[in-house]
Amino acid sequence: MENKNIPYKIYLDEADMPQAWYNLRADMKNKPVPLLNPGTGKPMTAAELGGVFCDELVQQELDNDTPFIPIPEEIRGFYKMYRPSPLVRAYCLEKALNTPAKIYYKFEGNNTSGSHKLNSAIAQAYYAKKQGLKGVTTETGAGQWGTALSMACAYLGLDCKVFMVKVSYEQKPFRREVMRTYGASVTPSPSMETEVGRRILAEYPGTTGSLGCAISEAVEVATTNPGYRYVLGSVLNQVLLHQSVIGLETKAALDKYGVKPDIIIGCAGGGSNLGGLIAPFMGEKLRGEADYRFIAVEPASCPSFTRGVYAYDFCDTGKICPLAKMYTLGSGFIPSPNHAGGLRFHGMSSVLSQLYHDGYMEARAVEQTSVFEAAEQFARIEGILPAPESSHAIRAAIDEAVRCRETGEAKTILFGLTGTGYFDLTAYQAFNDGKMTDYIPTDEELAQSIATLPKVPGME
Ligand SMILES: *Cc1c(COP(=O)(O)O)cnc(C)c1O
């Protein structure tokens, strides 16, 4: 029974914080298909993955069956510094929109890294430390992941080497300084420091870089330096697992007040916040215990779900990573340089791809000027300056709430507010100056990058 006196912010007691991550794959009938070795076309073994990733994270990556994986005490201790994160009833937004809908958002921006990425960064750094490694390498696009990882590494005393997509490195010098303050080294990508970087620069001189390209560089450094492993802030099964803490907290908080969302909305880059937010709700849906509408929101300029194909592809531009089956635009896809809103990855989590393919989830693409309009409206009404990525979810939540106004339905809408936008002021500036433009790739452009999908041995 829904309690009418719902506070603006619903907090959980520390004692009610999740003790274990929830592994959604355990409840999926159609499991996400395995990563493949690009050379042999055979599933990647734990031993092969162990050359790139930390051992315990490899176990988590491959585990499709264990529903709950205990959160180590040390990680729970770190989580308590900034979690539970607030779940907010957006009364002010509801009023401004004059909608009968009830809107809730889970706010993950209340830590220095400014996003949900810290939830997985601390977990990955913890397992690297436990394995006795010297350090980790990674890529970062907008910079949130690199910041989160440098915070986690500083806390645990690990070395942290970040390859930052060149366009972001130049647009976001302050992000770089935060990372350096936490002790990380930051290199613009593509760089001359790696073989793959030199190869990409030779092929595409003057490129502004891409996440896929930075991944290639970070993997090369991890696999050629003893005592280092590579860590990734999104897309992978293990990252969705760690991010389930978002959904578990949200569900526990809503359950306290007897609230059941009708529509659950998240922005989707590689899929980790969305996968984490929806996890326990999707679990109920998969088990036939409850029904929800799930909506993934992506940029129209990088539309993996809505215009990509479901196929095996490389996760990186340099084509050195394993193949993942996912909705993809092709690993050579680079969003147009006017794209300011993050969510630039060409592919999508295998877990979410399978769920979308099986019809458990919807997806929609939105244009960046409409995303920033939603961001501005939200900032002025609810007070929080949202990250451009998060604002994709805000856009869809507002659109759904407006639809409720038109139909008179009092739906309960939940969305993930993944972070703050303090480091995205160049993008806000373009918007405020009226200089922001939209760019939707043509069918020909997409066909061109999709045509470069790898031929998987034995799968033709
Ligand atoms: C990285 C990031 C995203 C997108 O990543 P997902 O893995 O799709 O969640 C969304 N919002 C913010 C604030 C981010 O930093």
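In the predicted model, Lys-9 stands opposite Val-88 in strand β4, and the two strands concerned, β1 and β4 (residues 87–89), pair in the antiparallel sense over two bridges. This pairing belongs to an open sheet of seven strands, whose order is β1-β4-β5-β15-β10-β11-β14 and whose pairing is mixed. The edges of this sheet are formed by β1 (9–10) and β14 (362–366), each of which pairs on one side only. Helix α12 (residues 272–286) lies across three of its strands, namely β10 (263–267), β11 (293–299) and β15 (412–417), and runs at about 155° to β10.

A parallel arrangement is found around strand β7 (residues 159–165). Strand β6 (residues 135–140) runs parallel to β7 and is joined to it by six bridges, with Met-164 of β7 serving as the bridge partner of Thr-140. Between these two strands the chain passes through helix α6 (residues 144–156), and the resulting β-α-β crossover is right-handed. Strand β7 also pairs with strand β8 (residues 185–189), again in the parallel sense, over five bridges, and here Met-164 stands opposite Pro-188. Met-164 thus has a bridge partner in Thr-140 as well as a position opposite Pro-188 in β8. Because six of the seven residues of β7 are buried, this strand is largely enclosed by the rest of the structure.

Two helix pairs were examined for their packing geometry. Helices are compared in this way because two packed helices are described by the angle between their axes and the distance between the axes. Helix α2 (residues 55–62) and helix α5 (residues 118–130) pack at an angle of about 130°, with their axes 7 Å apart. At this angle, which lies neither over 145 degrees nor within 65 to 115 degrees, α2 is therefore oblique to α5. The residues that meet are Glu-56, Leu-57 and Gln-60 on the α2 side and Gln-124, Tyr-127 and Lys-130 on the α5 side.

For helix α15 (residues 368–382) and helix α16 (residues 388–407), the packing angle is about 85° and the axes are 8 Å apart, so that α15 is roughly perpendicular to α16. Contributions to this contact from α15 come from Ser-370, Val-371, Phe-372, Glu-373, Ala-374, Ala-375, Gln-377 and Phe-378, while α16 contributes Pro-388, Ser-391, His-392, Ile-394, Arg-395 and Ile-398.

At the level of single residues, Glu-94 is placed in helix α4 (residues 91–97) and has a relative accessibility of 8%, a value under 20%, and it therefore counts as buried. Its side chain makes a polar contact with the side chain of Arg-89 at 2.6 Å. When residues up to four places away in sequence are not counted, Glu-94 touches Arg-89, Thr-99, Ala-101, Lys-102 and Ile-103.

Thr-452, by contrast, is located in the segment after helix α18 (443–450) and, with 36% relative accessibility, counts as partly exposed. The side chain of Thr-452 reaches the backbone oxygen of Ser-449 at 2.6 Å. Thr-452 and Gly-332 are separated by 120 residues in sequence, yet their C-alpha atoms are 7.4 Å apart in space.

Technical notes. Residues numbered from 1 in each chain as written. Predicted model: local features only at pLDDT ≥ 70, side-chain atom pairs only at ≥ 80, totals over all residues. Heavy atoms only, no water. Helix = DSSP H or I, 4+ residues; strand = E, 2+ residues; numbered from the N terminus. Buried < 20%, exposed > 50% of the residue type's maximum accessible area, 1.4 Å probe, protein only. Polar contact = N/O pair within 3.5 Å; in protein donor to acceptor, adjacent residues only side chain to side chain. Contact = heavy atoms within 4.5 Å. Pairing = 2+ DSSP bridges. Right-handed = clockwise from strand over helix to strand, strands pointing away. Axes fitted to C-alpha atoms, helices over the stretch in contact; angles between N-to-C directions. Parallel < 35°, antiparallel > 145°, perpendicular 65-115°, else oblique.
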